[in-house]
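Please open the structure in your viewer and keep the selection tool at hand. This tour goes from one stop to the next, saying what to select and what is found there.

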Amino acid sequence: MVTPVNPQPRERTSPPLRTDTCKRSAPVLAEGVRVRVLRAVYGDPRAAAELVPLLTERQSAGLDPLPTEPAELAPALLRAHRAEIQALPDDTRLLLLLAAADQYPVPTHAFLRAVTAARLDTRPLEAAEKAGIAQATAGGVVFRDAWTRIAAYETGSPADRRVAHRLLARVLRGDHETSGRSWHRGAGALGPSGRLSAELGTAARNAQAAGRLAPARALAERAAALSSDPGEQSRLLALAAACAWHSGDGDRARRLAAAGHEEALTGILALRAGNASEAFDALLGAAVRRAAGEGGGGDRPAASSGDGDGADAGGELRRTPSVAAVRGRQAASSAGSQTRAPDPAAQLLARATEAAIYTGDLRRCREAARAADRLGIVVPGTLGGLAAAFDGRYEDARDLLMAAAGRCGPGGDPTLLIHAGIAALLLGDHTRAATATLRADASARARGATATVVQAMEFRAYADFWTGRPKAGEAAAADALREAYATGQDNGACHLQAALAMFAAVTGDADVCRERAATARTYALARGLGLPAALAQWALAYLDLSTGRFAAAAARLRALAGFGPGHGHRAIRHLATPHYVEAAVRTGDSRVARVAHADYHRWASAVLSPDDLALSARCRALLAPDGEAVEHYRCALDLHSHGTRDFERARTELLFGSALRRLRRRTEARDRLHSALEAFDSFGAPHCAAQARTELRALGAPTAPAHTAPDTPTARLTAQQLRIAKMAAEGATNREIADRLALSPRTIDHHLRGVFTRLGIRSRIELVRLLAEAGD
């Protein structure tokens, strides 16, 4: 008798993967492609070595999706595994086929019930165990690896496969097993069947609604294969593509979207892995057509012009919708918003807004806002606020952004929560931004939307940075970077590379800052991604500023600060303007700095963010004579006390202390500088701490020692060094560490030398011992 069914066990995990095999085969692989190759072949280095030479030049560069079918991924390896399976007795192969059919791509946990129902003898599995191919357990069959499981399935004849699937379908009788039963019924079909296609399509939509996106993709794809209606096939392929994308299978999503001719999803894929300008055009066009097709009304706008200005059929530009009109429509729709699914056209316009944010061409937001106004669409997120900000209507922008930022309650749509976080960042409300992006992350995970998690973490990085949590932000961004590459979101990875350059600039890691900034800018400029390109430039500028290279900093920051409506990226202007004013004043160019500050102050006065007002007061102090500056600095510190940007508060104290020293107000200057020094040491910002120490030495005052902590490896190493040290202690090579952190082996070697120097050791053996003793 067979043991009662238990949850099906997973395959044994493969040994640690050495990725240098893949690297040697194709040193020109784009970083995202390298990560996805390893994921596509289930981490098997033999399959990776086989697949890489088969890739086209466009696939190697990340321009075309990777293969997704096993026979395309590693045909030779699969043949070798099939030969192993074919050498087994017939009864053994049959049991392995049944187990494989039960496990993938829709795990149904019905193997043992099927064995019992068919009265099969499980003793033939002993032959598979002796061959090291699979192992029988109380929960079912555990295959040696994924490729063995695939080979076990593909070795069976088509007729045997159909029999296996029909048997599995027959034993799946529970109410919660409907999707698995439908899957096996569809997999056991001889040919097209409208009835089975409809059943599978319903099962796919139910699985999608339940957040089971990987099974939903498989169900929808099989439903499309069984359908003989071209229109229904296209709709099912679009559903499969959407589920593949949200579950993190970017390559499969791109192939399915192309097969289903789904323009809207193609635009979203371009937003995350293609040219952002092209993504905007595709998403705006899809939104307009979706709204018109669903009775949205309105005339169809002309194609987007090169400068972002849209025109209606009569050729006259329409006015951007007023705050009252937009908020009125939002209020009218709010009553049913909790129970009604988001308007698809509005969702597409929200994505078009993201494309405009990534390009940095916010004129496109005005174009999308006009289209929404014509069609009567209530647009979620930041669209109206950004359009108003571009036009210089800062009070209107504030109201619209506040309405968007207010939609950050728990359990909401992750896309809307991300927009709430972006709006809060623009308003300087970093606490709300952190809340919204964390809730977006949680909501996306609950829905199985892996791809959206990455985007939430992109914007969470700003909140971590602005609130003085560079170490925590760096660790979270590094994790999100690898996930971005793995899920085919190379544009998101570029943004995260720029964010990591930003963190490295603050923590004083010049080599990492320059490497990540160069990586981000090279990719961003090729894909029209203005936001990460500007952020990487800011990171380099801040590195210059914190190390006293003021002329270089001013040159980099001047273009980023932007002056007046219609110039510069609003998010980067928040970062750049206060530091540009500081660098410009240090180089004696206060005239242009005053112009930059005037617009920054107008925005800060409109949004009434304490931190923005504090930085505006700091700019005013820098532009004033030392005697007049004191009150402006005091005002800035008072405003900082009501805000959250602790790192900028420390920088204000540093500048204030320097001004007080020049005025010979030694006691107060010393107190301010010691306070700034303590903050910089706690933030792990050595360059800023060095500036504070220099000022204290100029006062003739003893410099406070760096923040002391228990003498452990954790305390003596930077966050980046500790991460690298742990990987090295676990046995990873420099190449493997570089692959995991998306850095060069040369940079890893530099960091390990620094680790050995700080710890006073000479070998990895000593490193393992030290970390083990410290419990790290």
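## The whole chain

With everything displayed as a cartoon, the protein shows a secondary structure of 43 helices and 2 strands. Please keep in mind throughout that this is a predicted model. If you colour the 776 residues of the protein by accessibility, 56% of them count as buried. Among the contacts in the protein with a separation of 6 or more, 67% are made by residues 24 or more positions apart.

## Stop one: the loop between H7 and H8

Select Pro-105, which is found in the loop between helix H7 (90-103) and helix H8 (111-118), and look at the bond before it. A cis peptide bond, with omega at about 0°, joins Tyr-104 and Pro-105. Now move along to His-109, which lies in this loop between H7 and H8 as well and has a positive phi of about 55° although it is not a glycine. Both features stand out because most residues other than glycine have a negative phi, and most peptide bonds are trans. His-109 has a relative accessibility of 35%, and since this value falls between 20% and 50%, the residue counts as partly exposed.

Before leaving, add Arg-149 to the selection and show its side chain together with that of Tyr-104: Arg-149 lies over the face of the Tyr-104 ring, at 4.3 Å from the ring centre.

## Stop two: Trp-183

Next select Trp-183, whose place is in helix H12 (residues 178-187). Is this residue buried or exposed? At 9% relative accessibility, Trp-183 counts as buried, because the limit for that class is under 20%. If you leave out residues up to four places away in sequence, Trp-183 touches Pro-105, which you met at the previous stop, and also Val-106, His-165, Leu-200, Ala-218, Leu-219 and Arg-222. To follow one of these contacts, draw a line between the C-alpha atoms of Trp-183 and Arg-222, which are 8.0 Å apart in space and 39 residues apart in sequence.

## Stop three: aromatic pairs

Now show the side chains of the aromatic residues, among which the count comes to 10 aromatic pairs. One of them is formed by Tyr-42 and Trp-147, whose ring centres are 5.6 Å apart and whose planes meet at 80°; the pair is therefore edge-to-face, as planes over 60 degrees apart are counted in that class. This pair links distant parts of the chain, 105 residues apart, with Tyr-42 in the loop between helix H2 (31-40) and helix H3 (45-51) and Trp-147 in helix H10 (residues 146-155). The two partners can be compared by accessibility: Tyr-42, at 33%, counts as partly exposed, whereas Trp-147, with a relative accessible area of 1%, is buried.

From there, go to Phe-465 and Phe-503, whose rings have centres 6.1 Å apart and planes at 65°, so this pair, too, is edge-to-face. Because Phe-465 lies in helix H26 (residues 450-466) and Phe-503 in helix H28 (residues 490-507), the pair ties together parts that are 38 residues apart in sequence. Phe-465 and Phe-503 are both buried. Extend the selection to Trp-538, Tyr-542, Phe-647, Phe-680 and Phe-683, and you will have the cluster that ring pairs build from these residues together with Phe-465 and Phe-503.

## Stop four: a cavity

Turn next to the interior spaces, for the structure holds 5 cavities of 30 Å³ or more. The second largest cavity has about 110 Å³ of space, and to find it you may select Ile-357, Ile-422, Leu-426, Phe-459 and Ala-571, which lie nearest its centre among the 12 residues of its lining. Helix H24 (414-427) and H26 are the elements that give two or more residues to this lining. By type, the lining residues divide into 11 nonpolar, 1 polar and no charged.

## Stop five: the loop between H33 and H34

For the last stop, select Leu-608, which lies in the loop between H33 and H34 and has a positive phi, near 60°, in a residue other than glycine. Leu-608 is exposed, with a relative accessible area of 57%. Then step to Ser-609, found in the loop between helix H33 (590-607) and helix H34 (610-623), and compare the value: Ser-609 is buried, at 3%. Leaving aside neighbours within four places in sequence, Ser-609 is in contact with Leu-427, Gly-428 and Ala-604.

Key: Residues numbered from 1 in each chain as written. Predicted model: local features only at pLDDT ≥ 70, side-chain atom pairs only at ≥ 80, totals over all residues. Heavy atoms only, no water. Helix = DSSP H or I, 4+ residues; strand = E, 2+ residues; numbered from the N terminus. Buried < 20%, exposed > 50% of the residue type's maximum accessible area, 1.4 Å probe, protein only. Contact = heavy atoms within 4.5 Å. Phe/Tyr/Trp six-rings, centres within 6.5 Å; stacked < 30°, edge-to-face > 60°. Lys NZ or Arg CZ within 6 Å of the ring centre and 35° of its normal. 1 Å grid on protein atoms, 1.4 Å probe; cavity = no way out; pocket = protein on both sides within 12 Å on 5 of 7 lines; lining within 4 Å. Points joined across faces, edges and corners; volume = space filled by probe spheres on them. Nonpolar A, V, L, I, M, F, W, Y, C, P; charged D, E, K, R; others polar.
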